[in-house]
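Please find below a colleague's note on the structure under discussion. The points are numbered for ease of reply.

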Amino acid sequence: MEVVDSHCHLDDAQFNEDRATVIERARKAGLKYLLAIGTGEGPPVLDVAVKLAEEYPFVYATAGVHPNDAPKVDDHTIEDLGRLLRHPKVKAMGEIGLDYHWGVPRDVQIPLFERQLQLAKQFAKPVIIHTRDAWEDTLAVLRSQWTDTDIPCVLHCFTGDADLARECLDLGFYLAFGGVATYPKAAEVREAARITPIERLLLETDCPYLAPAPHRGKRNEPAFVLNTAQTLAEVRGVTVEHLAGQTTKNFERVFAIEGAADPSGSGSYT
Ligand code: NI
């Protein structure tokens, strides 16, 4: 069975003691690729995921500034991001977006979000979107800045209902589901996952956060993506192999992963 974790924070300090073991466990659990999110602690350090992608053939990376880190951006940030986007293993810009939960000023977040979308477009890289308490503004920015391109846009950790899913799908976006979809009270999220066309669906963990059942409350890790895959397969009435295989194909298409990584984990990439 092939399965992918399309969103993990492998650089997180919660993995400092056993990062290599966690990555090895993902490999042994059958994960074909991991996409390491590069936002880290924010500027000026923007290459935390790239370093991991350089170390492990089956790990790919993103680069970007999380909205909560918007106040740390300086004159060099955009230039540095541009340099990282040229790296052959950097497959997307992310996670970028808007977060109105933590009180970072909106007039700092929105221009950064727009600037990063422009940069992603310039480098023809897909974007991975974070949005919290900010759906309306996030979709407004994406409508004005992104819907004129065919470059994929992934809504990460989708926790909306079916109506919101339809709105996003109509805009051409991909929906990535994580551990929240396994929680007993998340029936609306499961319904959103059920109605999403299979070719627009991605799996993720967002680890070390939001571990799926039965690991809820513990540190999350890429191997647990299988629990979410199992739940979504049940909801959609397909086998977990089918769901995992399709979402892996989607991942390869969305992030332009060509020439599958050497299954031994020692091969080169192009
Ligand atoms: Ni994340």
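1. The accessible surface of the chain amounts to about 11,500 Å², and carbon and sulfur atoms contribute 49% of that area. These values, like the others in this note, refer to a predicted model.

2. As to burial, 58% of the 270 residues of the chain count as buried. Among contacts with a separation of 6 or more, 75% are made by residues 24 or more positions apart.

3. The secondary structure consists of nine helices and eight strands. The radius of gyration of the chain is 17 Å, close to the 18 Å given by the globule rule for 270 residues, so the chain is as compact as a globular protein of that length. Along the principal axes, the C-alpha atoms occupy a box of roughly 45 × 45 × 35 Å.

4. The eight strands form an open sheet with parallel pairing, and their order is β1-β2-β3-β4-β5-β6-β7-β8. At the edges of this sheet are β1 (3–8) and β8 (201–203), each of which pairs on one side only. On average, neighbouring strands of the sheet are turned by 30° against each other, with direction ignored.

5. The pairing at one edge can be described further. Strand β1 runs parallel to β2 (residues 31–36), and four bridges join the two strands. Within this pairing, Val4 has Tyr33 of β2 as its bridge partner.

6. Two helices may be considered against the sheet. Helix α3 (residues 77–85) lies across β3 (59–63) and β4 (90–99), and its direction makes an angle of about 145° with β4. Helix α5 (residues 135–145) lies across β4, β5 (127–132) and β6 (153–155), running at about 155° to β5. Strand β4 is thus crossed by α3 and also by α5.

7. Is Thr247 buried or exposed? This residue, located in helix α9 (residues 240–254), has a relative accessible area of 4%. The cut-off for a buried residue is under 20%, so Thr247 is classed as buried.

8. Which residues does Thr247 touch, if those up to four places away in sequence are not counted? They are Leu201, Leu202 and Leu203. The residue range 201–203 is that of edge strand β8, so the contacts of Thr247 link helix α9 to that strand.

9. The side chain of Thr247 also has a polar atom 3.0 Å from the backbone oxygen of Ala244. Thr247 therefore combines a buried position, at 4% relative accessible area, with this approach to the backbone of Ala244.

Definitions and conventions: Residues numbered from 1 in each chain as written. Predicted model: local features only at pLDDT ≥ 70, side-chain atom pairs only at ≥ 80, totals over all residues. Heavy atoms only, no water. Pairing = 2+ DSSP bridges. Axes fitted to C-alpha atoms, helices over the stretch in contact; angles between N-to-C directions. Contact = heavy atoms within 4.5 Å. Rg over C-alpha atoms; globule rule 2.2 N^0.38 Å. Buried < 20%, exposed > 50% of the residue type's maximum accessible area, 1.4 Å probe, protein only. Areas by Shrake-Rupley, 256 points an atom, 1.4 Å probe, with all protein chains shown as cover. Polar contact = N/O pair within 3.5 Å; in protein donor to acceptor, adjacent residues only side chain to side chain.
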